[in-house]
Amino acid sequence: MSGNKLILMSCCAPCSCGAIKQLKDGKIPDIEDFIVMFFNPNIFPDTEYQKRLNEQIKYCENLGVKYVIGDYNHEDWKKHVKGLENEPERGARCSKCFAYRFCYATKYAKENGYNAIASVFGVSKHKDQNQVDKSAIESCDGVIYLPIKWNEQLRQQINHESDFYRQNYCGCEFSIRK
Ligand code: SF4
């Protein structure tokens with residue numbers, strides 16, 4: 001049997017725990033293999049980035065799931081969203097931010113034998129899944145984008161049972177709530 005070789009893009013353990021468990025347990029059809037990608041140069045400051053990364057690694061290692069850590073260059077990311085600093089969450093800056101990350105995953109997929117990409121970027125109540133999907137479709141050139149609807153109940157349950165570090169803002173300095 002053959003299926004998709006998937007990159008699951010993750011922003012943090014609290015958002016990705018349910019999706020990773022579903023994939024690990026074979027609950028998503030037509031997935032032959034998957035890897036979790038943590039590519040989040042949007043996160044500020046670097047101490048916050050490290051906390052989220054550590055939680056992601058711990059969760060993946062506990063489940064015995066493969067993961068890859070992308071480059072962390074926040075200054076490059078800031079150049080990419082320049083001029084959009086004052087946009088609200090769900091606005092134009094976020095579309096560019098998603099696209100930046102999906103483009104990176106697309107390049108990685110082509111270079112490493114993966115043919116499909118999915119993400120958990122839309123699971124938070126502060127996010128717009130349609131916006132995430134649109135950015136992905138426009139960015140995943142030559143790779144399949146799978147707009148998987150993750151099991152929210154499972155995600156909530158794992159969060160309830162875990163002691164994950166939990167942040168109260170999306171990631172960039174422009175999203176820090178006063
Ligand atoms: S609010 Fe979140 S998705 Fe939007 S630009 Fe900042 S880090 Fe990216």
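**Loops, helices and a ligand shell**

Q: Between which two helices is the loop where R90 lies?
A: This is a predicted model, and everything below is read from it. R90 isn't a glycine, yet its phi is positive, at about 85 degrees. As for its place in the chain, R90 is in the loop between helix 3 (74-80) and helix 4.

Q: Is R90 buried, partly exposed or exposed?
A: Buried needs under 20% relative accessible area and exposed needs over 50%. R90 has a relative accessible area of 44%, so R90 is partly exposed.

Q: What about D30: buried or exposed?
A: D30 is another non-glycine with a positive phi, about 65 degrees here. It's found in the loop between helix 1 and strand 2. Since D30 comes in at 53% relative accessibility, it counts as exposed.

Q: Which residues does D30 touch, leaving out those up to four places away in sequence?
A: D30 and K5 are 25 residues apart along the chain, with 8.9 Å between their C-alpha atoms. For actual contact, heavy atoms have to come within 4.5 Å. With neighbours up to four places away set aside, D30 touches G3 and N4.

Q: How many of the twelve residues of helix 1 are buried?
A: Helix 1 spans residues 13-24 and is mostly covered. Its buried residues include A13, P14, C15, I20 and L23. The cover over them includes strand 1 (4-9), strand 2 (31-38), helix 2 (46-63) and helix 6 (152-161). Out of twelve residues, the buried ones number ten.

Q: Which residue just after helix 1 takes a positive phi?
A: Helix 1 runs over residues 13-24. Just after it, the chain has a residue with a phi of about 70 degrees, and that is G26.

Q: Which residue shares a polar contact of 2.9 Å, side chain to side chain, with N40?
A: N40 is in the loop between strand 2 and helix 2, and it counts as buried because its relative accessibility is 0%. A polar atom of its side chain lies 2.9 Å from the backbone oxygen of S10. Its contacts beyond four places in sequence also take in C11, Y49, Y72 and F121, among others. The side-chain partner in the 2.9 Å polar contact is R101.

Q: Where is the cis peptide bond that leads from F44?
A: The loop between strand 2 and helix 2 is the place of P45. With omega near -5 degrees, the cis bond goes from F44 to P45.

Q: In which cavity does the ligand sit?
A: The residues around the ligand include N42, W77, E89, K127, C170, C172 and S175. By class, that shell has six nonpolar, two polar and four charged residues. The ligand's seat is the largest cavity.

Q: Which helix gives the most to the shell around the ligand?
A: R93, C94, C97, F98 and R101 are among the residues around the ligand. An α-helix has 3.6 residues a turn, so residues three or four places apart point the same way. With five residues, the top contributor to the shell is helix 4.

Q: How far apart are the C-alpha atoms of G122 and K149?
A: G122 lies in the loop between strand 4 and helix 5, and its 11% relative accessibility is why it counts as buried. Skipping residues up to four places away, G122 touches K127, Q129 and V132. K149 sits 27 residues away along the chain, and the C-alpha separation is 9.5 Å.

Q: What do the buried residues of helix 5 pack against?
A: Helix 5 covers residues 129-139, and its buried members are Q131, V132, D133, S135, A136 and S139. The buried set packs against helix 4 (92-112), strand 4 (116-119) and strand 5 (144-145).

Q: At the start of helix 5, a side-chain oxygen of D128 reaches to the backbone nitrogen of which residue?
A: A polar contact is a pair of N or O atoms within 3.5 Å. The D128 oxygen comes to within 2.9 Å of its partner, the backbone nitrogen of N130.

Note on methods. Residues are numbered from 1 along each chain as its sequence is written. This is a predicted model: local features need pLDDT of at least 70, side-chain atom pairs count only at pLDDT 80 or more; totals for chains, interfaces and linings use all residues. Side-chain values use heavy atoms; hydrogens and water are left out. Buried means under 20% relative accessible area, exposed over 50%, partly exposed in between (1.4 Å probe, protein chains only). Helices (H or I, at least four residues) and strands (E, at least two) are DSSP runs, numbered from the N terminus. A polar contact is a pair of N or O atoms within 3.5 Å; within protein, one must be able to donate a hydrogen and the other to accept it, and residues adjacent in sequence count only if both atoms are side-chain atoms. A residue is near a molecule or strand if one of its heavy atoms lies within 4 Å of it. On a 1 Å grid over the protein atoms alone, a cavity is a set of points where a 1.4 Å probe fits but cannot get out, and a pocket is an open set with protein on both sides within 12 Å along at least five of seven lines; lining residues have an atom within 4 Å of a point. A molecule sits in a cavity or pocket if more than half of its atoms lie within 2 Å of its grid points. Ala, Val, Leu, Ile, Met, Phe, Trp, Tyr, Cys and Pro count as nonpolar, Asp, Glu, Lys and Arg as charged, and the others, Gly among them, as polar.
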